[in-house]
Amino acid sequence: MKKSFLISLVLLLPLTLCAEITKKEDINKDNLYKFRGSMLEYVDPGVTYSKAPKGFKPFYMSHYGRHGSRYLLNTPQYNDPYSILQAADDKGVLTDFGKDVLRRIEIMAKDADGHLGDLTIVGQQQHRGIARRMVRNYPEIFNKKTTIVARSTTSHRVMASMTAAMMEFSSILPQMKIDYNCSDYDRGYMNSEDRAINSAKNSRERNAAVNAFNAKHNNPERLMCALFTDTTFITRYQRTSSSGSVSVSDRSDDLYTKIYDIAANMGSHSYLGFDLDDVFTFDEWYDCWLQNNLYWFSVSGYHDLTNNIVPYGHATLLQDFLDKADAAIAAGTPSANLRYGHDTALYPLLCLMEVNDCAYSPKDIEDLADKWVNYDIVHMASNLQLIFFKDKKGKILVRALVDEKEAKLPVECYKDAKGVEYPYFYEWDKLEKYYRDILNKWTRIRAELTSN
């Protein structure tokens, strides 16, 4: 009995490696990086894994990964803060601190010119590292006898992410067969959202709740005073149209938000040698992140505000995972399906699959960050890996990794014949049934939605 207890204790040790939620009052310079949220850069998690039950060997991986670190997507995200601060400097109303922020944003804006949405060097390195660790962690799957089937969306940053990974595989295992492609042919499951969820996802109730939350947590006043010697420059910002008419508006909220976007994304540009961490106080970083966190929850997770159906929007992706797994099990040879796409698919997939606490739904959205934090779910280069193991009798077990860390799935953990529980291993037949039931439920819900 003592031996059984010790085995169980050892198997539970990796649980202590799970990232902890950082409360607002506990932010410091060492954990501030988390509050970049969905733009947090990916790093090697440096974890060790639970041992598989005796007799089980890995033979197949099914994966979906977001593209790596990138530039921001839209010109105004860079140019608006730069042009506003430059105009203030021309009028002599920037503080010394404001001048320093302008200098850094100017460098970033020039670096981004012509690169909107592009993968950065950091993003390439992230995907090469993930591929390298796949080979290191699962040599039974990734070897010269393996066939990798890799697919990406047609987004250039996603294609570049897949290419970086395939280059790494090829450099390590030049004899391994790689079938890779990017085509709209695969869009139906890779990044296509079911239109049946549109009305819920964009409901008046959802928009009103998010806007009210943002208004509560967006407090630009302190930063405006730190940037401008005369804050009326930004609170009564004058803009001249092409026709010559002058409009006056308060641009402080907009400037505050756009500077946060640049600051949060600076980890994608570590090669520049500076950041914007000091622009916001710890409280401001936290409040900006809360808004980022709620946005992604509201367009990905389960909640009454969106009729608890948003995660079903990417049910075709889950269907693809199940169908390709069944085909790989039938084939029985080492193989991998690697999919490269976007956060807009990975967030709802993880919610739909009820991985870790992704299916959490707070009664009050102010309580969301008590359990659902996007820096532990999806950020730059985030990925889901399902690793399949089998024994000589043909029994299949599955382990899930989110960002290469062991993750919980919504069925009971596997227990061997002696009753020893393996916390991160699940019987495929039970797990597949659970997920097939979810898909069947969506078929019924969708039929009702489309018939009304």
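Colleague: What makes Lys258 count as buried in this predicted model?

Modeller: Lys258 has a relative accessibility of 14%. Buried means under 20%, so Lys258 counts as buried.

Colleague: Where does Lys258 lie, and which residues does Lys258 touch?

Modeller: Lys258 lies in helix H11, residues 252-264. Leaving aside residues up to four places away in sequence, Lys258 touches Pro76, Gln77, Asp80 and Pro81.

Colleague: Why is Cys288 not joined to Cys225 by a bond?

Modeller: The closest cysteine sulfur to that of Cys288 is in Cys225, at 16 Å. A disulfide requires sulfur atoms within 2.5 Å, so this separation is too far for a bond.

Colleague: Why is there no bond between Cys358 and Cys351?

Modeller: The sulfur of Cys358 has its closest cysteine sulfur in Cys351, 5.1 Å away, which is too far for a bond. By the 2.5 Å rule, the count of disulfides is zero.

Colleague: What makes Cys288 and Cys358 buried?

Modeller: Cys288 has a relative accessible area of 5%, and Cys358 has a relative accessible area of 5%. Buried means under 20%, so Cys288 is buried and Cys358 is buried.

Colleague: Which residues have the most contacts inside the largest nonpolar core?

Modeller: They are Phe228 and Phe280, in a core of 106 residues. Helix H12, residues 282-298, contributes the largest share of this core, eight residues. Apart from this core lies another, of 31 residues, among them Phe56, Met61, Ala336 and Tyr340.

Colleague: Which residues does Phe280 touch?

Modeller: Beyond residues up to four places away in sequence, the contacts of Phe280 include Tyr256, Tyr260, Trp285 and Cys288.

Definitions and conventions. Residues are numbered from 1 along each chain as its sequence is written. This is a predicted model: local features need pLDDT of at least 70, side-chain atom pairs count only at pLDDT 80 or more; totals for chains, interfaces and linings use all residues. Side-chain values use heavy atoms; hydrogens and water are left out. Buried means under 20% relative accessible area, exposed over 50%, partly exposed in between (1.4 Å probe, protein chains only). A nonpolar core is a set of buried Ala, Val, Leu, Ile, Met, Phe, Trp, Tyr and Cys residues joined through side-chain atoms within 4.5 Å. Helices (H or I, at least four residues) and strands (E, at least two) are DSSP runs, numbered from the N terminus. Contact means heavy atoms within 4.5 Å.
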